[in-house]
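Trainee: Before I accept any of the labels used for this model, I would like to hear how each one is justified.
Mentor: Then let us look at it together and take the labels one at a time.

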Amino acid sequence: MHSTIQIYGPAFSSFLRSVRLMCACKSLRHELTDAPFGTPTLWFTKAHEALHPFSKLPVLIHGDFVLPETLAIGHYLDTLAEPLLYSGTAAEQARHLSLASMIALYVHKAVMLNTVLEFAFPKGEGGSIRQEQVLASAEQLRYCLSWVETQIEDKHVGPSTDLSIGDALLLPMLDYLDQLPQPFNVLPDFPALTDYLTHHRQQPYTDGILGAPEIGRP
Ligand SMILES: N[C@@H](CCC(=O)N[C@@H](CS)C(=O)NCC(=O)O)C(=O)O
């Protein structure tokens with residue numbers, strides 16, 4: 001199949017950025033769309049539900065093929081081009097999935113849902129940031145970052161010499177965390193994670209993908 005890969009979702013979504021990183025490191029042509037199959041499709045409508053039964057973003061569209069869920073999208077992209085996101089022996093591939101799954105669930109909750117999104121979409125009175133709420137979840141955030149720091153082997157999450165599925169998940173989250181003001185950006189307290197992020201920010205596949213969010217843009 002030669003058609004350009006389309007990614008349905010907002011440019012600021014960390015999971016969407018993960019899919020873009022996967023495509024970029026494989027040099028796969030891709031574009032964002034808000035009109036899959038030529039039909040403008042608002043998020044969280046019935047039409048969105050037809051693409052993802054739980055109305056989550058992103059969704060990959062490649063020709064007639066519609067695929068929700070970021071970890072599955074990585075698996076599909078591995079069938080199209082190298083380098084592999086799930087590399088190595090069967091056991092190593094399973095290990096990649098295990099790490100990426102924990103990053104997508106637990107690290108995402110601590111970094112994005114409980115911290116970064118409080119700043120991006122403040123839910124306090126009069127649109128204020130609920131700082132006490134963010135500080136209350138700081139211990140769990142530090143726990144998650146300490147754990148994920150132990151999973152970095154030679155600048156990659158898991159045993160890989162190229163961008164791994166775990167890297168693709170983690171990098172947009174760390175990049176967002178690092179853009180928060182102090183004392184909420186705790187990344188400098190994790191030197192190995194800071195080095196890891198600095199290294200990947202310098203790689204061509206993160207060009208134009210990491211950086212400040214453009215909230216509101218599809
Ligand atoms: N399990 C999904 C999670 C995707 C997800 O939570 N995406 C966020 C945007 S980054 C979203 O859809 N948020 C809207 C919502 O949860 O209602 C995946 O791996 O793709």
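Trainee: Among contacts in the chain between residues at least 6 apart in sequence, what percentage join residues at least 24 apart?
Mentor: This is a predicted model, and in it 67% of those contacts join residues at least 24 apart, a contact here being a pair with heavy atoms within 4.5 Å.

Trainee: What makes the chain as compact as a globular protein of its length?
Mentor: The chain, with its 8 helices and 6 strands, follows the pattern β-α-β-α-β-β-α-α-α-α-β-β-α-α along the sequence. Its radius of gyration is 17 Å, and the globule rule gives 17 Å for 218 residues, so the chain is as compact as a globular protein of that length. Along the principal axes, the C-alpha atoms fill a box of roughly 50 × 45 × 30 Å.

Trainee: How much of the chain is buried?
Mentor: With under 20% relative accessible area as the cut-off, buried residues make up 48% of the 218 residues. The accessible surface of the chain comes to about 10,600 Å², and 56% of that belongs to carbon and sulfur atoms.

Trainee: Why is the largest nonpolar core said to lie between domain 1 and domain 2?
Mentor: The term requires buried nonpolar residues joined through side-chain atoms within 4.5 Å, and the largest such set has 58 residues, with Leu77, Val111, Leu145, Leu169, Leu170 and Leu193 having the most contacts inside it. Elements that each supply at least two of its residues include β1 (5–8), α1 (14–25) and α3 (70–78), as well as α7 (165–177) and α8 (191–201), while α4 gives the most, with 10 residues. Because domain 1 (5–78) and domain 2 (90–206) both give residues to this core, it lies between them. A second, separate core of 5 residues includes Tyr8, Leu51, Leu57 and Ile61.

Trainee: Which residues does Leu170 touch, leaving aside residues up to four places away in sequence?
Mentor: Leu170 touches Ile103, Val107, Val148, Ile152, Val157 and Tyr196.

Trainee: How do you know that the buried residues of α8, Leu193, Tyr196, Leu197 and His200, are on the same side of α8?
Mentor: They cover an arc of only 95° around the axis, which puts them on the same side of α8. In general, an α-helix has 3.6 residues a turn, so residues three or four places apart point the same way.

Trainee: What covers the buried residues of α8?
Mentor: The cover includes α6, β5 (152–153), β6 (156–157) and α7.

Technical notes: Residues are numbered from 1 along each chain as its sequence is written. This is a predicted model: local features need pLDDT of at least 70, side-chain atom pairs count only at pLDDT 80 or more; totals for chains, interfaces and linings use all residues. Side-chain values use heavy atoms; hydrogens and water are left out. Buried means under 20% relative accessible area, exposed over 50%, partly exposed in between (1.4 Å probe, protein chains only). Helices (H or I, at least four residues) and strands (E, at least two) are DSSP runs, numbered from the N terminus. Domain bounds come from an automatic or database domain assignment. The radius of gyration is taken over C-alpha atoms; the globule rule is 2.2 Å times the number of residues to the power 0.38. Accessible areas come from the Shrake-Rupley method with a 1.4 Å probe; for residues, only the protein chains shown count as cover. The arc is that of the directions from the helix axis to the C-beta atoms.
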